[in-house]
Amino acid sequence: FSLSVVFGSTYLFIIDKEGTYILYPDKERILKENYFTRAKETPDTLDDYLGHQMVANRVGVFHKDDEENELILNGESSYAFYQPMSNTDWSIALVIPWFGVNMWAIGLTIALVFFMVVGLLVTFFVSSRMVRHATKPLKQLASSAGVVAQGRFDAPLPNIRHNDEIRLLRDSFENMQHSLSDYVEQLQATTAQKASIESELKIAHDIQMSM
């Protein structure tokens with residue numbers, strides 16, 4: 001019963017109160033071999049301690065602390081997660097090679113970084129699009145202001161549907177257009193009236209001089 005697809009050579013094993021294998025990837029060991037027999041063949045003592053913890057129905061984790069203090073199972077530096085099984089005197093352990101755990105963490109980190117970069121790019125493009133859409137009326141308004149500056153006070157203004165600050169600016173600009181148009185009309189009327197008065201005065205002056 002192996003989980004090699006997920007964590008490389010990860011596997012589960014179950015031992016009973018005496019240390020006999022109840023479940024193991026190598027079927028030849030099941031009910032025929034004892035965990036402690038194999039543990040005594042290794043130079044380290046952590047695997048022996050792991051077995052004693054399991055038969056004592058303890059819950060815990062063994063992991064690599066440093067090069068001199070590591071759990072070696074099947075020739076590999078490993079993590080071991082163990083706990084007793086309810087309603088039995090058995091204990092189950094999940095063994096994950098140290099290299100497999102770190103590769104999994106590295107892969108997960110790379111995936112997280114990738115998704116963060118993709119998220120930032122999507123946010124950038126969406127934000128840019130929203131900014132362009134929001135500033136489009138301002139650009140149109142600036143273009144209309146240039147036309148008005150040339151003396152065309154009837155230049156069309158962009159139609160803004162949203163009731164926001166840009167709409168208020170557009171309405172203020174429209175009021176300015178009307179005010180300028182009225183001022184120019186009044187100035188033209190005043191200028192024409194002044195020219196008419198000056199013409200009448202000139203005619204009167206000519207008549208007076210001829211008399």
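**Strand pairing, burial and confidence in a predicted model**

S1 and strand S6 (residues 91-97) pair up in the antiparallel sense, with 5 bridges between them. That pairing is a handy place to start with this predicted model. Across from Tyr11, on the S6 side, stands Val95. S1 has a second antiparallel partner too, namely strand S2 (residues 21-23), this time over 2 bridges. Here Ile14 is the residue that faces Leu23 in S2. S1 and S2 make a hairpin with 5 residues between them, and in that turn sits Gly19, whose phi is positive at about 95°.

S1 itself covers residues 11-15 and is mostly covered, with 5 of its 5 residues buried. In a regular strand, side chains alternate between the two faces of the sheet. S1 can be read along those lines: Tyr11, Phe13 and Ile15 point one way, Leu12 and Ile14 the other way, and all of them are buried. The partner strand S6 is mostly covered as well, with 5 of its 7 residues buried.

Next comes confidence. The protein averages a pLDDT of 79, and 84% of the residues score at least 70. Ranked by mean pLDDT, S2 comes out highest among the elements at 92, while helix H1 (residues 4-7) is lowest at 39. Over residues 1-7 the pLDDT stays under 50. For that stretch the model has 15 contacts beyond four places in sequence. Where pLDDT is low, the predicted coordinates should not be read in detail.

As for the overall layout, the secondary structure comes to 5 helices and 6 strands. From the N terminus on, the elements run α-β-β-α-α-β-β-β-β-α-α. The protein has 211 residues, of which 26% count as buried. Among contacts between residues at least 6 apart in sequence, 40% join residues at least 24 apart. The exposed area is about 15,100 Å², and carbon and sulfur atoms supply 61% of it.

Helix H3 (residues 46-55) is another mostly covered element, with 8 of its 10 residues buried. The buried set includes Leu46, Leu50, Met54 and Val55, but also Asp47, Asp48 and Gln53. Gly51 is one of the buried residues of H3 as well. After H3 comes Asn57, whose phi is positive, near 60°. Further along, strand S3 (residues 60-62) holds Phe62. Phe62 has a relative accessible area of 11%, so it counts as buried. Between the C-alpha atoms of Phe62 and Tyr49 there are 9.9 Å, the two residues being 13 apart along the chain.

Positive phi values turn up in the loops too. Leu31 is not a glycine, yet its phi is positive at about 65°. Leu31 lies in the loop between S2 and helix H2 (35-39). With a relative accessible area of 61%, Leu31 is exposed. Asn87, again not a glycine, also has a positive phi of about 65°. This residue belongs to the loop that joins strand S5 (76-84) to S6. Asn87 is exposed because its relative accessible area is 83%.

Finally, there is a nonpolar patch on the surface, formed by Phe114, Phe115, Val118, Val122, Val126 and Met130. Together these residues have about 600 Å² of accessible area. Val122 lies in helix H4, which runs over residues 98-149. An α-helix has 3.6 residues a turn, so residues three or four places apart point the same way. Val122 has a relative accessible area of 47% and is therefore classed as partly exposed.

Conventions:
Residues numbered from 1 in each chain as written. Predicted model: local features only at pLDDT ≥ 70, side-chain atom pairs only at ≥ 80, totals over all residues. Heavy atoms only, no water. Buried < 20%, exposed > 50% of the residue type's maximum accessible area, 1.4 Å probe, protein only. Helix = DSSP H or I, 4+ residues; strand = E, 2+ residues; numbered from the N terminus. Pairing = 2+ DSSP bridges. pLDDT = per-residue confidence, 0-100. Contact = heavy atoms within 4.5 Å. Areas by Shrake-Rupley, 256 points an atom, 1.4 Å probe, with all protein chains shown as cover. Patch = residues over 30% accessible without salt bridge, like charges linked within 9 Å, V, L, I, M, F, W, Y side chains within 5 Å. Salt bridge = Lys/Arg side-chain N within 4 Å of Asp/Glu carboxyl O.
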